[in-house]
There are 2 protein chains.
Amino acid sequence: MHWPSVCLPFPVTLRALESAEHFTAPASDGRVRVVVEHVAPEVDCGRFAAKRVLGDLFVVEADVFADGHDEIAAALVYRHESEPEWRRTEMRLVANDRWRGEFPLSRLGRYLYTVEGWIEPFETWRRDLVRRIAAQQDMGVDFEIGASLIDDAAASASDADAPTLREWSSKVRNEANQDTRRELATDEGLAALVRRNRPQSFAGRYGRELWVVVDRQKARFSTWYELFPRSCSREPGRHGTFRDCEEWLPYVATMGFDVLYLPPIHPIGRTFRKGKNNSTEPAPDDAGSPWAIGSEAGGHTSVHPDLGTLDDFDRLLARAAEYGIEIALDVAFQCTPDHPYVHEHPEWFRRRPDGTIQYAENPPKKYQDIFPLDFETQNWQELWEELRRVLFFWVGRGVRIFRVDNPHTKAFAFWEWVIGEVKTSYPEALFLAEAFTRPSVMYRLAKLGFSQSYTYFTWRNTREELTGYFRELIQSGSREYFRPNLWPNTPDILPEYLQTGGRAAFMVRLVLAATLSGNYGIYGPAFELCENAPRESGSEEYLNSEKYEVKHRDLNSPGSLKDFIARVNRIRRENAALQGGASLRFHETDNPLVICYSQATADLSNVLFMIVNLDAFHAQRGWVTLDLAGMSIPEGHATQAHDLLGAGRYLWHGKKVFFELSPESLPAHIIRLRRWVRTERQFDYYL
Amino acid sequence: MHWPSVCLPFPVTLRALESAEHFTAPASDGRVRVVVEHVAPEVDCGRFAAKRVLGDLFVVEADVFADGHDEIAAALVYRHESEPEWRRTEMRLVANDRWRGEFPLSRLGRYLYTVEGWIEPFETWRRDLVRRIAAQQDMGVDFEIGASLIDDAAASASDADAPTLREWSSKVRNEANQDTRRELATDEGLAALVRRNRPQSFAGRYGRELWVVVDRQKARFSTWYELFPRSCSREPGRHGTFRDCEEWLPYVATMGFDVLYLPPIHPIGRTFRKGKNNSTEPAPDDAGSPWAIGSEAGGHTSVHPDLGTLDDFDRLLARAAEYGIEIALDVAFQCTPDHPYVHEHPEWFRRRPDGTIQYAENPPKKYQDIFPLDFETQNWQELWEELRRVLFFWVGRGVRIFRVDNPHTKAFAFWEWVIGEVKTSYPEALFLAEAFTRPSVMYRLAKLGFSQSYTYFTWRNTREELTGYFRELIQSGSREYFRPNLWPNTPDILPEYLQTGGRAAFMVRLVLAATLSGNYGIYGPAFELCENAPRESGSEEYLNSEKYEVKHRDLNSPGSLKDFIARVNRIRRENAALQGGASLRFHETDNPLVICYSQATADLSNVLFMIVNLDAFHAQRGWVTLDLAGMSIPEGHATQAHDLLGAGRYLWHGKKVFFELSPESLPAHIIRLRRWVRTERQFDYYL
């Protein structure tokens, strides 16, 4: 005869059957009658964490039920990783065995949580008593049963409650007046007192402890500006410095950006350096690509001598902070042949049979200026430690945001470990994954710990493409851990839509990026100056790409979108619905060239409708059918609709809304529903 | 510095962090670059098993991928629980990192399975070489790299393959003619040889071992007839016996049933015995309810003296087998006050403060003839052992199918354990759960081990109700473990539809039950004789219910559906599509009173369309739009459509099909697509 370990999954049981001596169930197990299933959120069976931000109320649901007809109760059990003791909060029955509870996320870092359920004999008794009273049954024994349940509670009660409970049980047992006795027995206060003190036996607990990572709010709401510091000089022809970069802070802040992301700031290799337009025959004064990291001047913890010193960098960090701007650094774990690692740790690279080190390749393409690190090296532990040291070096100087270059070409296990290491010490640290690759890989990186992710938004232009992609992002389980960061352009990608659509195309893509997600960014000043010349037809590379040369630009050129961008970013700051925690919903338009979607806070205190003309060449008009029912907004009331972008005000009534948008003026509306227009019924004295 | 245990979920890591001495990763872990995710089927994170039947090919899918651009491979790793060694079968890439593999389920019992993935350096090298050849690059070093990969394979190769591999590597390394060398290096045979012998390092394995329970085919395809043996006597007024029951076997077999399910056959209690029509004032000769188990004559391992002896029962079992019929017993774990357990084990029942035993209640209703077993008893282990003994007693006499009465009012943990115990010794045993309760409870019981389940079919009558419910059953994850067994009636339930619809209603419900699921059953002869009188208006109880009295019926009454039932069951036997493993699909009808659905085997060798008039009162006509594309049936061919029920033959062309069904004749079509009608193009000499 084998006794089961009833809470364990079968393979454990099977192993136990094979070695029967381990197989003695705790004496109480068989009497656990409540089960907990389908806890949500749960990412890959608890293998990974859900993600939230500080201040969120964390809502957990679970199916909790028992055999038979007993009343049950359920609790959400949780603790911050730093707390030894579990806390508990009661859950409520929503419907059909589904229970819901929540707790506030008041600290950064990791919370653990799980769900418990148990039988409530007193509540069961009380429910049945009410039915017996209604049926006018004789209840002598039933009162006695209830009284002993109250006695049980008294026995395990606090010193404060025990005497009160004993008094209650005596009253339920002895009260002579049957009317009074019925009232006493079904008293709400008594029920609460028993609930608070009942002995909790045979509680069923969910088989896993799950976890949620709490980031700071910037994980969900951030506005990025990518800038090459070497192009920051005011004098044409001079290599920009960190000091020059400081001069740009007012410009960046005025546009409303709060993250200034710098491509790699490290020494650039000489061997196989690329010239302008990715030429393999560089001129002697060509600056090279910042992603070709490492020279005799140092590697990943050094700064390029032409940019200045580490002290200058520290100063830039401090000055940026004064403008409310954080510096994000680029983490590109790869080396040029001149990187110190190549000489100091040749074992970290793959060696070819001819003794040379394997450069990066995508056959037949060769990237001879780049040596990838070999994550299958025998010395992987030393390699991991060194890369950890690099991150801690910059964290130690105050950097808290990292944009990681091509994380999908480094081992998954490394990222999980190193991000965990940084966040254990600095839970406010954020990591943006630049992985333009297959969905499963992008999602995996997000699960491993990346706080934000580049997306396919860059190539989604039509209504169908945008709707399909964002529906996938918000409806699939990935919303628990994958935070999109939308980029209309990057130094690598000048999308065709921007190449051909002129200034209106830039406005369209900016509005989409800024209102479809709490996180977005642009590569500037190429973006606001509407630079749109590709290296060649069919290419998404910029002509004279800043990746390979120092640029100098006139920020005050008349076509600049800087004021438009400032306006859009101000709208983001002033409207909680655009700050990443809101619910995105698409609405039907009868014109396929126009997209309409809404963002609304849970309490509907901030509701925005975006209507965007995706045709950068022609005016478009038509009708939107607002899905008010889906948003739980009552229909049939007139509302004041305020276009925060164009400043117009409209009266909306019903679900059908007319629009007309011209690329020559403004290709988009960002409409805030101000309030229901009053009728006489809202007038104070109407009733 | 902490080293990660990279394959373990976070809570383990966190605990490890707290006690750092346990925290040393195996030296190879950090180099495991392939990950395995989202293995399917997987029920509740591997807590429960998927279910299949003997002979099935078990198909497993998983997301398998690595960082970077290396070629990978994946294997499905599995073993029958009785085998110590794991077997392996290679998986194929389906699309987008999704891999698929399968293995045959050739034994009853439990199989364990999981998925592994690993990098294929030689395949990567070969892919790149092809690209280099196309680009006419110099490849001297590359051949050398390939040769050493072949050497690696040779080093870990079988004695048979090692010399061949060494020959290959020498050729790839030294062949002077470059054309020949390229051909050699990319040779398919070489690639297969390397694949077979490569050293497999750093394989990533899915974090869990999953399991599938293999039942015999009857778990999925069974046809049940419920019969009260006490009503089997040919003489009116005499209590039927097992011997009388034997006389019915030809009748039951002719109708095509293969499971004969007997309500409890045990001694019936006297105390608080219920009289006819559930009266609390029984006449002295009232037979009582078979579910009121236990008297001085014995309990759950005894048979009612009026039915005969255990030997008679054994004989019935053997006679039934001769007709291809299995006897299913009713397992109702509850006792009358007269049951031997009450005296021998009073501690298995809940005691009230007045010293009496707690009877069953659903306040204000009282069931004083029933004492429920107390699964929270301190002596739960003895109780479980005794109930296990009961099941093994009947299994020992040859019973292999149990219909379990109200399993949802007994502890879940008990069922998981006791079904596991029986199936470990008798993997051919089947359990049908009679739990008409909330969905989460019904699904839980199925997951715990019940082979088949009663469903809400009994109350689903309209097209929308049927479509909605069966879509839920086939589209939700429950299809992996929940096998519906459809009952148009039971001794407890005479649905309103049958009460009012006359003979046609019985035909409609029979066709639906028999063609919507591989498992169905009827409570006879009440069903085939179209008994439809309720105890009172609004009640679903039968008038003069057989639960409380012995019945005598004329099986040859002219209205009997026995021939109709025999025809439907023959169609089920002759058509694999109706045997539970096929894919159910609903098709549009323009008449809401008519439902159309199909069942098709995976290879489309057996395709049936059911068209059922749900209106038992009027003829209905209209058009079906067949979803041929959804079934992967090419459109535009004419097909011969053969009505197996009405025997008509039609020529179908295109997706639109006309129907007209009259309740007076036949309310349903069961149409088999015979074959595509030939055209000249199929004529042998056309081309």
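Biologist: How much area does chain A expose, and what share of it do carbon and sulfur atoms supply?

Modeller: This is a predicted model, and in it chain A has 687 residues, of which 59% are buried. The area that chain A exposes comes to about 27500 Å², and the share of it supplied by carbon and sulfur atoms is 49%.

Biologist: How many helices and how many strands are there in chain A?

Modeller: The C-alpha trace of chain A spans about 105 × 75 × 45 Å along its principal axes, and of the contacts between residues at least 6 apart in sequence, 74% join residues at least 24 apart. The elements within this chain number 15 helices and 30 strands.

Biologist: What area do chain B and chain A bury between them?

Modeller: The size of an interface is often given as the accessible area lost when the parts come together. Here the contact takes 85 residues from chain A and 84 residues from chain B. Carbon and sulfur atoms account for 58% of the area buried between the two chains, which amounts to about 7500 Å².

Biologist: Which residue of chain B does the side chain of Asp97(A) meet in a salt bridge?

Modeller: The rule finds 10 salt bridges across the interface of chain B and chain A. In a salt bridge with an N to O distance of 2.8 Å, the side chain of Asp97(A) meets that of Arg438(B).

Biologist: Is Phe450(A) buried or exposed?

Modeller: Phe450(A) is found in the loop between helix 12 (439–448) and strand 20 (452–453) of chain A. Leaving aside residues up to four places away in sequence, it touches a set of residues, among them Lys51(A), Val404(A), Trp415(A), Phe431(A) and Tyr481(A). Because its relative accessible area is 0% and the cut-off for that class is under 20%, Phe450(A) counts as buried.

Biologist: Which residue does a cis peptide bond join to Ala40(A)?

Modeller: The residue in question lies in the loop between strand 1 (34–40) and strand 2 (50–53) of chain A. In chain B, a cis peptide bond joins Ala40(B) and Pro41(B), with omega of about 0°. In chain A, where omega is likewise about 0°, the residue joined to Ala40(A) is Pro41(A).

Biologist: What is the phi of Cys530(B), a residue other than glycine?

Modeller: Cys530(B) has its place in the loop between strand 22 (519–523) and helix 15 (562–574) of chain B, and at 13% relative accessibility it counts as buried. His38(B), which lies in strand 1 of chain B, is partly exposed at 36% and has a positive phi of about 50°. For Cys530(B), phi is also positive, near 55°.

Terms used. Residues are numbered from 1 along each chain as its sequence is written. Chains are lettered from A and ligands numbered from 1 in the order in which they are written. This is a predicted model: local features need pLDDT of at least 70, side-chain atom pairs count only at pLDDT 80 or more; totals for chains, interfaces and linings use all residues. Side-chain values use heavy atoms; hydrogens and water are left out. Helices (H or I, at least four residues) and strands (E, at least two) are DSSP runs, numbered from the N terminus. Buried means under 20% relative accessible area, exposed over 50%, partly exposed in between (1.4 Å probe, protein chains only). Contact means heavy atoms within 4.5 Å. Accessible areas come from the Shrake-Rupley method with a 1.4 Å probe; for residues, only the protein chains shown count as cover. Buried area is the accessible area (1.4 Å probe) that two parts lose on being put together, summed over both. A salt bridge is a side-chain nitrogen of Lys or Arg within 4 Å of a carboxyl oxygen of Asp or Glu.
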